[in-house]
Amino acid sequence: AAITGESVPVTKTINDEAFAGTLNEEGLLEVKVTKRVEDTTLSKIIHLVEEAQAERAPSQAFVDKFAKYYTPAIVILAALIAVLPPLFGGDWSEWIYQGLAILVVGCPCALVVSTPVAVVTAIGNAAKNGVLIKGGIHLEETGHLKAIAFDKTGTLTKGVPAVTDIVTFDGNENELLTITAAIENGSQHPLASAIMRKAEENGLNFKGVVVEEFQSITGKGVKAKVNNEMYYVGSPNLFEETLQNGIETSITENITRMQIQGKTVMVLGTEKEILSLIAVADEMRESSKEVISKLNHMGVETVMLTGDNQRTAEAIGKQVGVSDIKADLLPEDKLNFIKKLREKHQSVAMVGDGVNDAPALAASSVGVAMGGAGTDTALETADIALMSDDLSKLPYTIKLSRKALVIIKQNITFSLAIKLVALLLVMPGWLTLWIAIFADMGATLLVTLNSLRLLRVKE
């Protein structure tokens, strides 16, 4: 799961490929090493992250570029105004005074603070709302976003399997769930914990049930005796082998229907019959559908990238409402897809939580990590962290960033306009030091107050 982000365990048989970093849930596994440590998928991820970060050129702010030429120009202009007219018969004291007034009015205080004050205010507002933005450049990039790619497991979904359906064929649902949970209580399988959680939610005392002769059938399921009856719990494949006449057509149809929806089906039965089906799936986050809908309305293209299988990806993708779905992706595939998306849209975000998302997070214009569920690797690589794993903070962050860009443009335009008007007053000789100081300090105060409006931006 660290590599592919799959939500449920995958059965591996002879000659199947196993990634470095894979967890073996149960049974004995003999693995043949086919690659050196520097060629493993985890090593490739580290290399891809380093490459992607090196490719990202930091954008130099407009104000920095402008000030580079503006400040020397003002100093030269002030010196010329103070010296040239007196050389041609003007009054030295009057023109030195005018030169000083030019220096005061030309001082780029308002221009220099126009961007940082807005950026600091916006980042402060975001932090108060549980969004950590690692710098002004990332805030500005977020305001330009045209597309967002989402990881599935742990981002759009909770990343924890949960029981979604229970279908019974013979007997009481709670009684059969109690038996299933009691048998699974001896298993280490993640899907077993989902069944036990469901039994606890329903208030069933499965721990009080006596289970005898428990045995794990590697890769297929478990079997155990309850009330002197031998029960089997496992995949449909287990029952195709266990039942003499195979699984009935009506039950097979039920299983297929749930599998098409991206669910993993567990079967409870005896050697003679199937008693119930329990469907388990990675649950979608409550906020996912609403967040995707809001982003689509904001004109942002949404894509889901996952290492999980196509069937599960389709089921979640359609449910959540993303405009595009890409499944069976390795970390390198996610990275390449982000690069293609950047060629198309220029400004692209990636939202993820795992080690396998790190290269894509690094290659995107803005990497967003889930702060609570996210791995250290994802948090380290990302530019923005959603601290409470709340995806609803994403549209708010984009709204805040867009508002910050508007205010920065207003501040720059206003501070330059004030300077221009004050400089025009030099010609008729109307510019005094008082007007110059008022224009300079007044503009600085106004751009600061304008920036503080960003504190009012709410979800």
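**Exercise 1. Determine which residues Ile148 touches, not counting residues up to four places away in sequence.**

Solution. Ile148 touches Leu295, Val300, Glu301, Thr302, Val303, Ala349, Val351, Leu394 and Ile398, once residues up to four places away in sequence are set aside. Contact here means heavy atoms within 4.5 Å. The structure is a predicted model, in which local features need pLDDT of at least 70 and side-chain atom pairs count only at pLDDT 80 or more, while totals for chains, interfaces and linings use all residues. Residues are numbered from 1 along each chain as its sequence is written, and side-chain values use heavy atoms, with hydrogens and water left out.

Next, place Ile148 in the largest nonpolar core, which has 43 residues. Such a core is a set of buried Ala, Val, Leu, Ile, Met, Phe, Trp, Tyr and Cys residues joined through side-chain atoms within 4.5 Å. Buried means under 20% relative accessible area, exposed over 50%, and partly exposed in between (1.4 Å probe, protein chains only). The residues with the most contacts inside this core are Ile148, Phe150, Leu295, Val351, Leu391 and Leu454. Helix 16 (residues 393-424) supplies the largest share of the core, eight residues. Helices (H or I, at least four residues) and strands (E, at least two) are DSSP runs, numbered from the N terminus. A second, separate core of 26 residues includes Ile179, Ala181, Leu191 and Ala194.

**Exercise 2. Identify the residues that line the largest cavity, and the element that gives the most to its lining.**

Solution. Begin with the rule. On a 1 Å grid over the protein atoms alone, a cavity is a set of points where a 1.4 Å probe fits but cannot get out, and lining residues have an atom within 4 Å of a point. Grid points are joined across faces, edges and corners, and a volume is the space filled by probe spheres set on the points.

By this rule there is one cavity of 30 Å³ or more. The largest cavity holds about 50 Å³ of space. Its lining consists of Thr142, Leu145, Ile148, Ala349, Val351, Val366, Val368, Ile384, Leu394, Thr397 and Ile398. Two or more lining residues come from each of strand 11 (348-352), strand 12 (366-370) and helix 16. Helix 16 gives the most, with three residues.

**Exercise 3. Establish the order of the six strands in the open sheet and locate strand 7 within it.**

Solution. The order is 3-8-7-6-5-4, and the pairing is antiparallel. Two strands pair if DSSP finds at least two bridges between them. Strand 3 (157-168) and strand 4 (211-217) stand at the edges with a single partner strand each, so one side of each lacks a neighbour in the sheet. Neighbouring strands are turned by 20 degrees against each other on average, direction ignored.

Now consider strand 7 (residues 264-269), of whose six residues five are buried. Strand 6 (residues 229-234) pairs with strand 7 over three antiparallel bridges, and Val233 has Leu268 as its bridge partner. Strand 8 (residues 274-284) pairs with strand 7 over six antiparallel bridges, with Val267 opposite Leu277. Strand 7 and strand 8 form a hairpin with four residues between them.

Finally, helix 8 (residues 190-201) lies across strand 3, strand 7 and strand 8, at about 65 degrees to strand 3. Axes are lines fitted to C-alpha atoms, for helices over the stretch in contact, and angles run from 0 to 180 degrees between N-to-C directions.

**Exercise 4. Explain why strand 9 (residues 301-305) is largely enclosed by the rest of the structure, and name its pairing partners.**

Solution. Four of the five residues of strand 9 are buried, so the strand is largely enclosed. Strand 2 (residues 147-151) runs parallel to strand 9 and is joined to it by five bridges; Asp151 has Leu305 as its bridge partner. Strand 10 (residues 324-326) also pairs with strand 9 in the parallel sense, over three bridges, and Val303 stands opposite Asp324.

**Exercise 5. Decide whether Tyr97 and Thr444 count as buried or partly exposed.**

Solution. Tyr97 is found in helix 3 (residues 92-106) and counts as partly exposed, because its relative accessibility is 34%. Tyr97 touches Leu431, Thr432 and Leu433, residues up to four places away in sequence not being counted. Tyr97 and Leu431 are 334 residues apart in sequence, and 9.6 Å apart in space, C-alpha to C-alpha.

Thr444 lies in helix 17 (residues 433-451) and counts as buried, because its relative accessibility is 15%. Leaving aside neighbours within four places in sequence, Thr444 is in contact with Cys109, Ala110 and Val113.

Terms used:
1 Å grid on protein atoms, 1.4 Å probe; cavity = no way out; pocket = protein on both sides within 12 Å on 5 of 7 lines; lining within 4 Å.
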